[in-house]
Every structure is written in structure tokens, then in C-alpha cells.
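User: Hey, I've got a protein model open and I'm a bit lost. Can we walk through it together?
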Amino acid sequence: MSDQSSSAAHHNGKLYIETVGCQMNMLDSELVVAALRKDGFELTDDPKLADTLLFNTCSVRENAEHKIYSSLGRLKYVKRTKPQKVIGVMGCMAQKDQDLIFKRAPHVDLVVGTGQLAEIPRLIRETRATTSRQQQKAVSLGRRDGSVAAVSSSFQSYDPLRDPEMRPTPFQAFVRIMIGCDKFCTYCVVPTTRGPEQSRPPSQILSEVKVLADQGVKEVCLLGQTVNSYKHTENGRLNRLSDLMYGINEIAGIERIRFVTSYPKDMTDDLLHAVRDLSKAVKYLHVPLQHGCNEQLRLMKRGYTVDDYREMMHRINDIVPGCSVSSDFIVGFCGETEEAHQLSMAAIREFRFKNSFIFKYSEREGTKAATMLPDDIPEETKKRRNNEVLAVQNEVSEEDNAEFIGRQVSVLVEGPSKAAEKKAARGEEVVAGDPLATQLMGRSECDRIVVFDGNPRLAGSTARVEIRDCTGTTLIGSIVTREVQHGSNGLLPIVS
Ligand code: 5AD
Ligand code: SF4
């Protein structure tokens, strides 16, 4: 691909991007936007003003796809009156639906899968150059469309040099350490949309983190669908996630290392030792259990029983005392009985997750569950079970958060809280009597959200906060002292 990027002088008009889905998608959008800005595009958050509109999509559940198809539907008329606009669909839905997108939304110009994101600048350029507006598609091979090597190489990890201006906050960054998934849980579309599991070379990851640290990043979040399955042999040496963490821990400027999402069966002791021993490792693990019933876990083909998970939890608690653990749950999966549903709630009470993401089962075409198992739980029942599981989790979260009252925690300050931003947008004073203060938010060392009043310039620094109240999701406190004052770099307060 030729790079016309360096001449920042030329203009390519305004770019609007809408992103749904997981952190992997957020990172993909960040990198695509960075590449397009280099190519002379200017970002806008108003779709009406945009010359190019991109939709970074998710296929994990049906409602995420509906959302995108409705957004696309709204553009049909716009495109009729302004045919020069470029409309592109990228990411998981692009890989999964391919030509179906052109069929359902004929005004779409580009369909670009998760493995072809590097092509986007060229594809936009080419689309614009054609007067007849030929639709363009760039996608990877299907999982059965070739040898493992051929399919793998059709999914390219997209990790160009980082652009400091394009991160959600200047001191936090996602770093992809692997792509794809080979676990094939029966409900899940990810092995199709993101392709075979492939780990990036450690040397590449370490130099990326060094670049990020030089740019002022303090916290890196390592990303992978099953991040603790990471393995890569370089110069004859096998590198696991723990080895990577030791390497990153040495990088000056980096203060916190997190990683998501872990797979229960791959939670090895070497990784837990790294989380315990490394000063920069955040004491937090996201290890989805998905269900509390063995029969459901078997039908999901998760590869472990509740007992196996319990054994893992004991190891986590023994090796890293105080480590918080969060989970995902699916309710209303095929054949879920009322007893099975109760077992998920019992598991939350037993394992005391910090928080859980709870999802109603959504049948996905092309998955094993869709072909082999009936989606037989009524929507109403799924909704009720979702609410019930959520209520139990909230209870546990609130009880455990209450344990923090009276204690001090170390918080990496992210910026004004969402509530403070809303108030400020309405022109209201956030902290009564102090025009310089606002409500700030950040995270503790065990990943709990903490809010407290302070100067927005604290964003990016670590503060000691005494907790005096809580809800199920948030610790509420007052600043004690600022532990570390980092150079302000002239940066503005951060939007969290
Ligand atoms: N239906 C509902 N939830 C799903 N997830 C993955 N696939 C599905 C599906 N088909 C959930 C899992 C996973 C999270 C990211 O999304 O809980 O951990
Ligand atoms: Fe999907 Fe299972 Fe892979 Fe997670 S481990 S991405 S749920 S197939």
C-alpha cells in the first residue's frame, strides 16, 4: 500500500466513525482513525457533516447488529441526495455478513473485515476515484475455506505505529497482544469473525509499549480474546503472558499493566505469580465463568466444570490475596432450567465477583449452538433471569464495596466523572463553592471505580483517596494526598 500520508497539507474532508462492541473494536477504531488523520481526514462527531462515515461493528449479539443496520438505514436518503459520501462497514459484522450488507444496505460503499483494516485508507481513496461508485469488499477467508496457515494469514493483525492524539485518554492505551480465538464455544461467533488465534511477537509488543510510554502513557491494557492463552516463540524461547508482563514491568513510565479477557483453563500459576510479584500489575482478573451449571457449561463447550473454576479461584485467592475477579454470564442459553439458572446465582454468591457482565443468549448463525441446539428459552424468561442474576451480583458488589469504607486506596485519576461532565455541560457548578474542583473518577489497584472531588489537572496522576461511601458500582471518597505529581505536559483534563 502506498503511503500518501506524510503530506498533511492535503484535505480529505470530514470523517465520522461509530464504534460498538468490545475493547478490541475500540482499539481498531483508534488505529483506523489515526491512519486516516495522517491521510488528511478530519474527525467529526456529527454524521451530517461527514464526507466519510465508518461503522465499526460487533456480531456477538443480534441487537448490536440491529443497531448498525438501523444507523445504516438512516443514511439511505442522505446518500441519495449526496452520493459523493463514502459509507463503510468494518469489523466483525463485515467479516461475518459480507455481501449481505450490500444487499440489506445497498448504499454502503465498503465492507472491510477485521483482518483488512490496513486497507481502509486505500479503499476509501479508490472508492472516491470511481465515478460509478463500485462497491468494494475486503474480507478474510472463512475458517473452512483453506488450510489453517492460509486462513490465519488472511487475518492480519493491524498494529501500525501509534498516534498519541488518537487515544481516548493520553495516559491509557490498549495494546493488542493476540488476535482471534480457537476455543469455539458453541454460542460464540468470534472464532469466525476474528479468525484463528495468533499471538504477536513479544519484541513487537515491547517496542510498542516503549513508544506508548514515551508518549506519556502510564497504563497499558493488553488485549486478547483469550489473553492468557498468549504464547509466542521468538529466538527459540517460548514467551507466555507472564514473560511479557515481566518485560513491560521494566519499561520506565509505565505504572500499571492490565490484561483482558482471560480464559479459565489457561489461568496458570506463572501468570498469577506475575500478577502478585510485579509492582505494576493491576490486581484484577476478568475470567468469565459464563454459567454456574455443569450441563450448561458442557453444552457451551467451555472445557471446564464449576469445580475446575472453583479450583482456579482458590489458586487466585491463595496466590494473589485481595485480587478482584469479574465474570461474564449468559442467561437463557439452550435448555437452561430454572435449577440451572439458580446455580449461576449461587456461583456469584460463592465466588463474589467484583462485577459481572450479564447477557441474554442470542443465537448466532454459523455457530455450533445455532445448528445443534434449539434456542428454547422465551425472551420474557431470559429478561427475568437477566434481572435476577444482575440483582444478586449488585448485592454482592455492594457488600464487598462496603468493606472499603474507611480504607485508603491508590487511584489512577482518569478525569472528570460522567456525572460531572453532564453538570458542566449544563453550565452547573459541580463542587459547591469551588470553581476549580470537579468530581473526578479513576480506578483503584483492584480495578474498582472511585469518585472524589478534586482539580481536573490531577488527571493522569496517582492519588490516595479515603473511601467514605459506596454503591454497587462505585467507591466514593475524599482525596488524602497526591502521591505522584506527573508533569502536566500541557494536557487538558481527560474525558473519561
Ligand atoms: N449470546 C449472548 N452472549 C454472548 N456472548 C458471547 N456470545 C454470545 C451470544 N451468542 C457473551 C459472553 C462473552 C461476552 C463477551 O459476550 O458472555 O464472554
Ligand atoms: Fe468466544 Fe469462547 Fe473464544 Fe471467548 S473463548 S471469544 S466466548 S469462542
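Analyst: Sure! One definition to start with: a residue is buried under 20% relative accessible area, exposed over 50%, and partly exposed in between. Also keep in mind that this is a predicted model.

User: Okay, so is F184 buried, exposed or partly exposed?
Analyst: F184 has 35% relative accessibility, so it counts as partly exposed. You'll find F184 in the loop between β8 (178-179) and α8 (190-193).

User: Anything odd about the backbone of F184?
Analyst: Yes, its phi is near 50°, a positive value in a residue other than glycine. Most residues other than glycine have a negative phi. R352 also has a positive phi, near 50°. R352 is in the loop between α14 (338-351) and β16, and it is partly exposed because its relative accessible area is 32%.

User: And which peptide bond is cis?
Analyst: The one from V260 to T261, with omega near -5°. T261 is in the loop between β13 and α11 (269-277). As background, most peptide bonds are trans.

User: Let's talk sheets. What's the strand order in the one with six strands?
Analyst: The order is β2-β1-β3-β4-β5-β6, in an open sheet with parallel pairing. At its edges are β2 (42-43) and β6 (136-138), each pairing on one side only.

User: Which helix packs on that sheet and touches β1, β3 and β4?
Analyst: That's α2 (residues 62-74), and its direction makes about 165° with that of β3. Another helix, α6 (residues 120-129), lies across β3, β4, β5 and β6 and runs at about 165° to β5.

User: How many bridges join β5 to β6?
Analyst: Three, and the two strands run parallel. One pair to look for is L110 opposite Q136 in β6.

User: What about the loop after β5, which residue should I click on there?
Analyst: Try Q116, in the loop between β5 and α6. Q116 counts as buried because its relative accessibility is 11%, and the cut-off for buried is under 20%.

User: What does the side chain of Q116 make a polar contact with?
Analyst: With the side chain of S140, at 3.2 Å. A polar atom of the Q116 side chain also lies 3.0 Å from the backbone oxygen of S154. Leaving aside neighbours within four places in sequence, Q116 is in contact with Q95, A138, V139, S140 and S154.

User: Switching topic: where does β10 sit, and is it covered?
Analyst: β10 spans residues 219-223 and is mostly covered, with five of its five residues buried. E219, C221 and L223 are on one side, V220 and L222 on the other, and both faces are covered. In general, side chains in a regular strand alternate between the two faces of the sheet.

User: Which strands are joined to β10?
Analyst: β7 (residues 172-176) is joined to β10 by five bridges and runs parallel to it, with R176 opposite L223. Five bridges also join β10 to β13 (residues 256-260), again parallel, and there L222 has F259 as its bridge partner.

User: And the sheet with β14 in it, what is its order?
Analyst: It goes β14-β15-β16, an open sheet of three strands with parallel pairing. β14 (284-286) and β16 (356-360) each have a single partner strand, so one side of each is left without a neighbour in the sheet. The twist averages 10° from one strand to the next.

User: Which helix packs on it?
Analyst: α16 (residues 379-402), which touches β15 and β16 and has a direction at about 170° to that of β16.

User: Last thing, the ligands. What surrounds ligand 1?
Analyst: Its surroundings are V60, R61, Y187, Q290, D328, I330, F359, K360, Y361, S362 and R364. An oxygen atom of ligand 1 is 2.6 Å from a side-chain N or O atom of Q290, and a polar side-chain atom of D328 lies 2.6 Å from an oxygen atom of the ligand. From S362, a backbone N or O atom lies 2.8 Å from a nitrogen atom of ligand 1.

User: And how do the residues around ligand 2 divide up?
Analyst: Into seven nonpolar, two polar and two charged. Among the residues around ligand 2 are C181, C185, C188 and our earlier friend F184.

Technical notes: Residues numbered from 1 in each chain as written. Chains lettered and ligands numbered in written order. Predicted model: local features only at pLDDT ≥ 70, side-chain atom pairs only at ≥ 80, totals over all residues. Heavy atoms only, no water. Pairing = 2+ DSSP bridges. Helix = DSSP H or I, 4+ residues; strand = E, 2+ residues; numbered from the N terminus. Contact = heavy atoms within 4.5 Å. Axes fitted to C-alpha atoms, helices over the stretch in contact; angles between N-to-C directions. Near = heavy atom within 4 Å. Nonpolar A, V, L, I, M, F, W, Y, C, P; charged D, E, K, R; others polar. Buried < 20%, exposed > 50% of the residue type's maximum accessible area, 1.4 Å probe, protein only. Polar contact = N/O pair within 3.5 Å; in protein donor to acceptor, adjacent residues only side chain to side chain.
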